[in-house]
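Student: Could you take me on a close look at one part of this protein, and then connect that part to the rest of the chain? I am happy with a long answer.

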Amino acid sequence: MKRYAYLCGVFLLACLTATTQAQTFPVQGRIIDKNTRQGISFANIYLEGNTQIGTATDSIGKFHLTNAKPGIHRFVVSCIGYKSHLTPEYLISARTPFIEVELEEDPQMLNEVTVTPSPMRRTTESPVSLFVIGVQDIEKIPGANRDISRVVRSFPGVSFSPVGYRNDLIVRGGGPSENRYFMDGIEIPNINHFSTQGASGGPVGIINSDLVREINFYTGAFPTNRSGALSSVLDFSLYNGNPERQDFKATLGAAEASFSGSGHFSPRTTYLFSIRQSYLQFLFKLLGMPFLPNYIDGQFKIKTRLNDHHELMFLGLGGIDRMKLNTDEKGDATEYLLSYLPVIHQDTYTLGASYKHYAGAHTQSVFLSHNYLNNRITKYMNNDESIEENLMLRLRSSEQKTSLRFENRSSIGQWIWKQGAEVSYSHYTNRTRQRFYANNQATWLDYDTKLGIWSWGGFVSADYTSPDGHFTSSFGIRTDASDFVNMRNIFKQISPRISVNYTFNEHWSLAGNAGIYYELPPYTALGFKDNKGNFVNRELKYQRVASGSVGVNWRPMRQLIFSVEGFYKRYTDMPLSLIDHIPLACKGNDYGIFGNEPLVSSAQGRAYGVELLAKWQVPDKINVSASLTLYQSEYQNNEKSTYLPSAWDNRYILNMSCVWDMPRQWSIGGKLSVIGGSPYTPYDWEKSSLVEAWNAQGRPYYDYDLYNTERLSSYAQLDIRIDKNYYFKKWRLGWYISLQNVTGSKLKQQDAFISTGTIENPTSPLAERRYTMRTIQQEEGSIIPSIGITVEF
């Protein structure tokens, strides 16, 4: 044992004293014409911020740069006759990915090469409300732990649950069910383990960020080929496998262990894969959490080039989730949570394939995918499964969706035209037996449903760029429909959108977007039945939002940008609960299932505000970002009722972060997050203390006559992170230490109460009997440490 300890000590000492002052690494890649797919000879490529580290391509478009510095970098690519291009970020090491760059022809660049690309990219279709998330943000944002759902919290308009252990994505005052996710063009239903069925949140992300090259995060101005979003779209781009060698990476973190790889089966066929096993249950047990989640996930990507004009891609993502309750933990707060948290078993996967045909100025793409969710939720009173009479909830549900989508992109002069169509079939089942208390009586909700839905849609858009590049505009229209009762008419879901941008000079630009977007209500709502077997929500309509954004960008220098963007969203035809008369959009941030209740499409809402952003990024030195969002989010039951604050009406969100890349591959970062207090609804003591009511759900009931009339205090959290990397000739070793909420900030929520199990009036009729209740103080917040080690070889 002493010998092993000695060897470990020597190894660690060697790592700590290792230097990388003279270490450089080769970078290989290929630069091709976007339309012809042919290699571009004599194109220049160099490290962003350092023109001395560069090279040129050979006669077939390949390059070999021999002296790149280790770390996270972009590359600038330029060539006469083509637009200059700034690549996504890459981690340069002994295992740098193979870099392929597509350049677009530009007649204005025939005489000379001018390289002025900006790291803050926007598109013609989305000149506002678009943020590009790269490797630097994913790897080093403090407090995120490389979890994508937590990374996006640093961007304007994104709210979060203070001191919570959930990844609900709350964007511009919209609910967690209003977001959509795509990966290399394939739709994935959610990005979290233990996701809330009908919404998308959960405690930890399902996507391994080792495979992610870049993310386009849309908070508005959604592309026409991305359907079903009301609040945001996360569009993931994965790396391609390495066609030159086989690379592997192992990571050991505080919550999981992962192993990933990149390589090739043949010169034309490459692969990526990842598998992760969590031990989050041990961390949660150490933190005294009442639930202990455990998961396994995996993903892969295989891409093959049949020739220069035809390529196939296969993609898969899946997770196995098991959550049990930590009944050994004691304390009032734990006892309260254990009284209503269920046991969750969940399995999910997505399989997809795409085919692309490059025909000069035209590109045709076909996407085929199938996703599946199997959700099993069980809850017994007092968590005692020995007696069947203790059953409170047994749910067995599944969702499946098979989709086929066709797209065509044509570049004609100053115009880019896009057209497409899609069709899908969804199959939903749910077998539920649940205790239920409503209208002053206890009953059972007991139904078995099977629902099949065909959906279809189409779109067309046109993007224009003026010859001098100062003015761009985009107009698009799509329509969607399904064979559910009131949703067959495609003319009722016409979704137009328009974007314009004018760049006055290299420093100032003005842009705007307006559009109407539709989303199908969740399958849990469409397939809900009563005890007689009748579909209850047959009259539901597509959910609708009309939104607009206007923004001004000021870029005093290439790596420094200030922006101001205002937005307005108007919701109509939103589902309203007929039980508690609360819009469904104000729910969905809890474990379990969302939407399985009687609903009517009468709720309306609005969210409006302004976002301010400052970002300064100097390659290999510092990355500073600060954003402030001021907004309101309100809903009304119908057009005649008064507006009330929504559950997401925090009023303001402040994020300030800084990551400093120091010498010898050290980096240190900090992030301060401040969020306004959430509105809340007081509990109904009289109803909650009734024996039949409490036994039905094991937690207090809200007094919806006082919906969101109170507000919590604001909350601030400081996170820090330290990274260190050691670059060796053929491998890399890295470690990090992260501390979330280093100041130990506490969030005080309204006091709850729990049954003592004692009936204070046992001789009264059953419907009038009450438990003696005990008050539970709810105050959360503690320092959360995390450490991780990465080996890349």
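Tutor: Gladly, and let's start with K303. Leaving out residues up to four places away in sequence, K303 touches N240, R268, T269, T270, E311, L312 and M313, where a contact means heavy atoms within 4.5 Å. Before going on, a word on the source: this is a predicted model, in which local features need pLDDT of at least 70 and side-chain atom pairs count only at pLDDT 80 or more, while totals for chains, interfaces and linings use all residues. Residues are numbered from 1 along each chain as its sequence is written, and side-chain values use heavy atoms, with hydrogens and water left out.

K303 sits in strand β22, which covers residues 291-307. Strands here are DSSP runs of E with at least two residues, helices are runs of H or I with at least four, and both are numbered from the N terminus. Is K303 buried or exposed? K303 is buried, because its relative accessible area is 15% and buried means under 20%, with exposed over 50% and partly exposed in between (1.4 Å probe, protein chains only).

A second residue to visit is V233, in strand β18 (residues 232-238). V233 also counts as buried, at 0% relative accessibility. Neighbours within four places in sequence aside, V233 is in contact with R180, F182, N216, F217, Y218, F222 and R226. V152 is 81 residues away from V233 along the chain, and their C-alpha atoms are separated by 11 Å.

Now for some strand pairing, which requires that DSSP finds at least two bridges between two strands. Strand β26 (residues 391-412) runs antiparallel to strand β27 (residues 415-438), and 20 bridges join them. Within this pair, S403 stands opposite S424 of β27. The two strands form a hairpin with two residues between them, and G413 in the turn has a positive phi of about 60°. On the next step along the chain, β27 pairs with strand β28 (residues 441-465) over 24 bridges, again in the antiparallel sense. There N430 faces T449 of β28. β27 and β28 likewise form a hairpin with two residues between them, and its turn includes N439, with a positive phi of about 55°.

Elsewhere, four strands make an open sheet in the order β3-β2-β6-β7, with antiparallel pairing. β3 (50-56) and β7 (85-86) stand at the edges with a single partner strand each, so one side of each has no neighbour in the sheet. Two bridges join β7 to strand β6 (residues 75-78), and V76 has L86 in β7 as its bridge partner.

Stepping back, the protein chain has eight helices and 45 strands. Its C-alpha trace spans about 95 × 75 × 45 Å along the principal axes. The radius of gyration is 27 Å, which agrees with the value near 28 Å for a compact globule of 793 residues; that radius is taken over C-alpha atoms, and the globule rule is 2.2 Å times the number of residues to the power 0.38. Of the 793 residues, 56% count as buried. Among contacts with a separation of 6 or more, 66% come from residues 24 or more positions apart.
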